[in-house]
Amino acid sequence: MKPESTFLFTSESVGEGHPDKICDQVADAILDECLKHDPLSKVAIEVAVRPGLVIVFGVVHSIALLNIDAIVRLVLRDIGYSSPDQELDYHTCQIMDYVECRSTPDISSCVEPSENEAAGDQGMAFGYATDETPQLLPLTLDLAHRISRDLKAASIKGILPWLRPDTKAQVTVEYMENQGRMIPIRVHNVVITAQHTPDVTVERLRQDIINKIVHKSIPSKYLDDRTVYHIQPTGDVGVTPSGKFAGVTGRKIVVDTYGGEMQVDRSAAYMARWVAKSIVHHRLAHRCLVQLSYSIGIAEPLCIFIDTFGTSQHTTEQLKKIILKNFDLRPAAIAKALGLIDPIYYQTAKNGHFTNQDFPWEQPCDLVL
């Protein structure tokens, strides 16, 4: 293997306690609460946090009666912010509720639930799949998310009793590209920063994270004596890895989706991922990118773009015919097929939109060719 034939690619994951992810989880918990009581709810929520304060604002069109204060405190408790010496204590933090409940007939008239429901806004959504992993996600992202999940589990189970909720993980993999396929060779480096209680030494933290997390999360076949570990590289004790503790919704979209491979919007992106994953799952391609473009007031997508990076024996037009034969890409049909009016969103905000294989869009469709 020639050195010049390889390249490095990096993906990041953040823990549930990262301030930006706190905001995402609060917003989606509010959405779930609306959908529990009113499947036709229209919800546009933004959240911002800083030490001791959560601000929630936006517009909700729903018959649900919301207790924003209670929802926020439940999310913070679930994440693990339950101590007065943390940036946010669910018992005592201040919560400012600026959520308006009102109707928007100019938009809602376009999106009444029907077979030909139109798109509620214009925009593009991407779906991506690659056969690097069983989940058909990039290996870098899969490994970074594994580390985040294992850190959370280690905190809950007491394996790392000194660990606090705010964590960050980054994994760089060395790849070789062969006829459009990205073939992982080895993990080049791992970066992990973890918020923790002051009583643990940096030396113990580094040793525990390598032995109890990294070696569990990353298969040994990808690790070698050249793999570099940057664990708590600044040596800070008890300091949040996010720097100054502040966060807003929607700032971790790369973390939540494909780890920098592609960026996406939301519900149409779930459909695009379902399409791309089904194509790769059925070995119609080794890698697949699907873009769906919509316009407000129009049900059918304006454009379907497909790129298999030279890894498919089928032409673009052949794949497009397969997609249109198997998937209804109208908004109402997407919502029905993927259960998008169900209260499922809080879980999507925790550890990536495409890592939980129980989500409907992660179940490959039985394609009719």
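## Briefing: helix packing and some local details

About 16700 Å² of accessible surface is what this protein shows, and carbon and sulfur atoms own 53% of that. Keep in mind that the model is predicted. The fold is a mix of ten helices and eleven strands. Of the 369 residues in the protein, 54% are buried. Take the contacts between residues at least 6 apart in sequence, and 73% of them turn out to join residues at least 24 apart.

**Helices α1 and α2**

- Helix α1 covers residues 19–37 and helix α2 covers residues 68–79; they pack with axes 10 Å apart, at an angle of about 130 degrees.
- An angle between 115 and 145 degrees counts as oblique, so that is the label for α1 and α2.
- As for handedness, α1 goes past α2 in a right-handed crossing.
- On the α1 side, the contact uses I22, Q25, V26, A29, I30 and E33.
- On the α2 side, I68, I71, V72, V75, L76 and I79 do the touching.
- Sorted by class, this contact of α1 with α2 comes out as ten nonpolar residues, one polar and one charged.

**Helices α4 and α5**

- The axes of helix α4 (residues 139–157) and helix α5 (residues 202–217) lie 9 Å apart, and the two pack at about 140 degrees.
- That angle makes α4 oblique to α5.
- The α4 and α5 crossing is right-handed.
- From α4, the residues making the contact are L143, R146, I147, D150, L151 and A154.
- From α5, they are I213, K216 and S217.
- The class tally for α4 with α5 is five nonpolar, one polar and three charged residues.
- K216 sits in helix α5 and counts as exposed, at 56% relative accessibility.
- K216 and D150 are 66 residues apart in sequence, with their C-alpha atoms 8.2 Å apart in space.

**I159, in the loop after α4**

- I159 belongs to the loop between α4 and β6.
- With a relative accessible area of 41%, I159 is partly exposed.
- Leaving out residues up to four places away in sequence, I159 touches A154 and K212.
- A154 is also one of the α4 residues in the contact with α5.
- I159 and I213 are 54 residues apart along the chain, and 9.8 Å separates their C-alpha atoms.

**Helices α7 and α9**

- Helix α7 (residues 267–281) and helix α9 (residues 331–338) have axes that come within 10 Å and cross at roughly 65 degrees.
- Angles from 65 to 115 degrees count as roughly perpendicular, so α7 and α9 fall in that class.
- The crossing of α7 past α9 is left-handed.
- S267, Y270, M271 and W274 are the α7 residues in the contact, and they meet I334, A337 and L338 of α9.
- This α7 with α9 contact has six nonpolar residues, one polar and no charged ones.

**Positive phi angles**

- Most residues other than glycine have a negative phi.
- L136 is not a glycine, yet its phi is positive, at about 60 degrees.
- L136 lies in the loop between β5 (123–130) and α4.
- Its relative accessible area is 9%, so L136 is buried.
- Q179 is another non-glycine residue with a positive phi, here about 55 degrees.
- The loop holding Q179 runs between β6 (163–178) and β7 (181–196).
- Q179 counts as exposed, with 68% relative accessibility.

**A long-range pair from β1**

- E12 is part of strand β1, which spans residues 6–14.
- At a relative accessible area of 22%, E12 is partly exposed.
- E12 and A169 are 157 residues apart in sequence, but their C-alpha atoms are 5.7 Å apart in space.

Key: Residues numbered from 1 in each chain as written. Predicted model: local features only at pLDDT ≥ 70, side-chain atom pairs only at ≥ 80, totals over all residues. Heavy atoms only, no water. Helix = DSSP H or I, 4+ residues; strand = E, 2+ residues; numbered from the N terminus. Buried < 20%, exposed > 50% of the residue type's maximum accessible area, 1.4 Å probe, protein only. Contact = heavy atoms within 4.5 Å. Areas by Shrake-Rupley, 256 points an atom, 1.4 Å probe, with all protein chains shown as cover. Axes fitted to C-alpha atoms, helices over the stretch in contact; angles between N-to-C directions. Parallel < 35°, antiparallel > 145°, perpendicular 65-115°, else oblique. Left-handed = near helix turned anticlockwise from the far one by under 90°. Nonpolar A, V, L, I, M, F, W, Y, C, P; charged D, E, K, R; others polar.
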